[in-house]
Amino acid sequence: MNNHLEAVLKEKRSLRQRLLKPMCQENLPIEAVYHRYMVHLLELAVTFIERLEIHLETIRNIPHLAANLKKMSKALAKMDILVTETEELAENILKWRKQQKEVCSYIPKILAEENYLYKHDIIMPPLLLTSKVHVQSVNAK
């Protein structure tokens, strides 16, 4: 490897001259009037080469188009279902919020009544909270 690198360094000048020469051994003369068109043509060629891989990938995907459309259709149906469920949840949240506001509006009234009853020494019997099972078993006896 070392010998090869030494040979390259010795022939550096001749290699540089060979690289500077055009491959076809002569230049293609283009009239000055057409230079701007050549620049535009080269820009188009570069753009085409840059996009070539994308275009080839598109052509390769054409046979799979039907399967991809089915997948997209299924995904769209799922998304539609999720949108419907989200709308229902939003409606339920709004209803729940309204109920919570109603309950919160009653709390000051209840506290005021308890305060009034406490100030006037009025004793209210506690409400019996029993379950249906307990009431049924008591009635059965």
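The chain holds five helices and zero strands, and this picture comes from a predicted model. Read along the sequence, the order is simply α-α-α-α-α. Two of these helices will keep us company below: helix α3, which covers residues 35-61, and helix α4, which covers residues 65-119.

How much of the chain is buried? Of its 141 residues, buried ones make up 0%. The chain exposes about 14,700 Å², and carbon and sulfur atoms supply 64% of that area.

**Salt bridges in helix α3**

Let us turn to the charged side chains. The count of salt bridges comes to two, and they are listed here with the distance between the closest N and O atoms.

| Salt bridge | Closest N and O atoms |
|---|---|
| E53 with R60 | 3.6 Å |
| R60 with E57 | 3.1 Å |

R60 takes part in the bridge with E53 and also in the bridge with E57. In this way E53, E57 and R60 are linked in a network of salt bridges. What separates R60 and E57 along the helix? They are three residues apart in helix α3, so about one helical turn lies between them.

It is also worth looking at how open these three residues are to their surroundings. E53 has a relative accessible area of 48%, so it counts as partly exposed. R60, at 45% relative accessibility, is partly exposed as well. E57 has a relative accessible area of 36% and is likewise partly exposed.

**A nonpolar patch**

Which residues make the nonpolar surface patch? The patch consists of I30, V33, Y34, Y37, M38, L41 and L42, and its area is about 690 Å². One of its members, L42, sits in helix α3. With a relative accessible area of 52%, L42 is exposed, because the cut-off for that class is over 50%. The value also meets the requirement for patch residues, which is over 30% relative accessible area.

**A negative patch and a polar contact in helix α4**

A surface patch of another kind is negative, and it is formed by D80, E85, E87, E88 and E91. D80 has its place in helix α4. Is D80 buried or exposed? At 52% relative accessibility, D80 counts as exposed.

Helix α4 also contains S105. A polar atom of the S105 side chain lies 2.6 Å from the backbone oxygen of E102. That distance falls within the 3.5 Å allowed for a polar contact. S105 itself is partly exposed, with a relative accessible area of 39%.

**Putting it together**

To recap, this is a chain of five helices and zero strands in which buried residues make up 0%. Helix α3 is home to L42 of the nonpolar patch and to the pair R60 and E57, while helix α4 carries D80 of the negative patch and also S105.

Methods. Residues numbered from 1 in each chain as written. Predicted model: local features only at pLDDT ≥ 70, side-chain atom pairs only at ≥ 80, totals over all residues. Heavy atoms only, no water. Patch = residues over 30% accessible without salt bridge, like charges linked within 9 Å, V, L, I, M, F, W, Y side chains within 5 Å. Areas by Shrake-Rupley, 256 points an atom, 1.4 Å probe, with all protein chains shown as cover. Salt bridge = Lys/Arg side-chain N within 4 Å of Asp/Glu carboxyl O. Helix = DSSP H or I, 4+ residues; strand = E, 2+ residues; numbered from the N terminus. Buried < 20%, exposed > 50% of the residue type's maximum accessible area, 1.4 Å probe, protein only. Lys, Arg positive; Asp, Glu negative; His and termini not counted. Charge placed at Lys NZ, Arg CZ, Asp CG, Glu CD. Polar contact = N/O pair within 3.5 Å; in protein donor to acceptor, adjacent residues only side chain to side chain.
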